[in-house]
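Me: Could you take one part of this predicted model and look at it closely, then work outward to what surrounds it? I would like a connected account rather than a list.

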Amino acid sequence: MLKKIVLTLAALLVTANVAFAEKTIVVAHDATWPPMEFVDASKNIVGFAVDYTDAMAKEAGFKVVHKNVAWDGIFAGLEAGSYDAIVSSVSITDERKKAMDFSTPYYEVRQALVVPKTTNVTKLDEMKGKTLGGQISTTGYFTIKKTAGVTAKSYDEIGLAMEDLFNGRIDGVVCDDPVAANYALQQEQYAAKMKIAFVIETQEKEFYGIAVKKGNKEVLDLLNKGIAAVQAKGIDKQLRAKWIGR
Amino acid sequence: MTTEPQNVRIVITDGAIIPDPKERRIITAWSISFVGALAALVYLCTSRPDPYWRLLQFLPDGIAVTFKVTVLSILCSIPIGLVTGLGRLSRNRLINLVASTYVEVVRGIPLLVQLFYIYYALGRFLKVPDLLAAIIALSVCYGAYMGEVFRAGIDSISKGQTEAARSLGFNRAETMFMVILPQAWRTILPPVGNEFIAMLKDTSLVSIIAVADILRRGREFASESFLYFETYTMIALIYLLITLFLSKGVSIMESRLNYYDRR
């Protein structure tokens, strides 16, 4: 009997060792950002970023554990070490670079303004005196705050901002273009009443990067290796076609 | 062995610990908290003006919104509470049932859910502005609590008062509004003050419907600066200071109201 237990334990140890040879990276997503990362009908975290991370893991040889984390506080959790990386449509900005390290860019993003179908605007300046909403702590919200003469309103989730726009309490929502397209073009109910007015022109290009805790070179190198492989093999283009469709 | 029926009731309110008005010592839980919080606030703002002083300058409009929501909600919830309390005491079966059901339903739904419900669920039919939605949700919720306060306050006035008033020819309404309620106010006001404190703390929930109160302003600050520790320390200190101020106020009010009992 004892022999059996010892043998089983030994066998377990050996297999466990093999399993642990691959590094596990815990990745945080705020799964309220369709189509990049969101929760599907069967409560799984899915989306472009999720598939992308899985592809990276396969290419670079590490394991991924996906974790759903609320956006407000997602950076605090990284700092506290609750997870190793954030793959959650985090735009690389100078302010954020001071607080955390970023992988090589994995997606180019632009800010889009979503308005009711009846609004005709072509420039952000034309929204003077209006109230615009965005998700707290996103580049979309920062864009609104920087626009003179516009009242900025911050929401916990982009979906709540879209709902308020749908109900007519605010005049527009600024967010990343794939998300704007998802709400204003693909979600039937919203698409009937809302449209993308325009994509906001900026001087500098905006990119999504994977955020890691400052100085976590081991994880960063693995991630960069994965991104390089995914881009070299053209997997990113397949995923783009699958989730974003253009 | 027979045991005496136990009539012990534990009453814990959701507001704050109201300092005992008769307490004459200098070192009390209240004074320690108050001086400590104030000292911490001043120390942080002078020793590290960046970010603490900058943070403090970012928050005043949030504090104003918090107070605005609290004061307006209390003002609305007092009449709701009075009507509910009277309804709960009514001998009319229908009125009594309506009032009791209201209390039952509202107390059974978390305030956060009520906020979501009024703002987002009903938002499909009624375009209630955010501040008004917050005030409605808080008034409806606290109206139910206030109803219980009013009921207990009115109940506490001895039956002899009613009998005396009635035998002097007052009708029922006159008895209630001219004899019972003026006396009941003394019992009712301190718990109403405590509900006020509880409500002020609960207004932090309205940040979920994008009302820019203290908490949301703090979250916006933290989200841009990544100074989570500093921001939430400040937010906690500010809430604590406001609550301590108010609990002292309630305590003073209580001692004034007890003037006749002390003789």
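Reply: A residue is called buried here if 20 or more other C-beta atoms lie within 10 Å of its own, with C-beta atoms placed from the backbone. With that cut-off in hand, the part to examine is helix H5 of chain A, residues 139-146, in which A:Thr139, A:Gly140, A:Tyr141, A:Thr143 and A:Ile144 are buried. The cover over these buried residues of H5(A) includes several strands of chain A, namely S6 (85-91), S9 (111-116), S10 (131-135), S11 (151-155), S12 (172-176) and S14 (206-213).

The chain around this helix has 10 helices and 14 strands, and 43% of the 246 residues of chain A count as buried. The C-alpha trace of chain A spans about 80 × 35 × 35 Å along its principal axes. Among contacts in chain A between residues at least 6 apart in sequence, 71% join residues at least 24 apart.

From the helix one may pass to the nonpolar interior. The largest nonpolar core holds 114 residues, and those touching the most other members are A:Ala85, A:Ile86, A:Val114, A:Ile210, A:Ala211 and B:Ala134. Helix H6 of chain B (residues 130-155) supplies the largest share of this core, with 14 residues. Apart from this core lies another, of 11 residues, which include B:Leu59, B:Ile214, B:Ala222 and B:Leu227. If neighbours within four places in sequence are set aside, A:Ile210 is in contact with A:Ala85, A:Ile86, A:Val87, A:Phe102, A:Ser103, A:Tyr106 and A:Leu223.

Turning to the boundary between the chains, 13 residues of chain B are in contact with 15 residues of chain A. On the side of chain B that touches chain A, helix H9 of chain B (residues 214-225) gives the most, with five residues, and by class that side comprises five nonpolar, two polar and six charged residues.

Within chain B, a helix pair can be described in similar detail. Helix H3 (residues 60-89) and helix H4 (residues 93-107) of chain B pack at an angle of about 125°, their axes being 7 Å apart, and H3(B) and H4(B) are therefore oblique to each other. The crossing in which H3(B) passes H4(B) is left-handed. On H3(B) the contact is made by B:Thr84, B:Gly87 and B:Arg88, and on H4(B) by B:Ile95, B:Asn96, B:Val98, B:Ala99, B:Ser100, B:Tyr102 and B:Val103. The residues of this contact of H3(B) with H4(B) divide into five nonpolar, four polar and one charged.

Definitions and conventions
Residues numbered from 1 in each chain as written. Chains lettered and ligands numbered in written order. Predicted model: local features only at pLDDT ≥ 70, side-chain atom pairs only at ≥ 80, totals over all residues. Buried ≥ 20, exposed ≤ 12 C-beta atoms within 10 Å, placed from the backbone. Helix = DSSP H or I, 4+ residues; strand = E, 2+ residues; numbered from the N terminus. Contact = placed C-beta atoms within 7 Å. Nonpolar A, V, L, I, M, F, W, Y, C, P; charged D, E, K, R; others polar. Core = buried A, V, L, I, M, F, W, Y, C linked by C-beta atoms within 7 Å. Axes fitted to C-alpha atoms, helices over the stretch in contact; angles between N-to-C directions. Parallel < 35°, antiparallel > 145°, perpendicular 65-115°, else oblique. Left-handed = near helix turned anticlockwise from the far one by under 90°.
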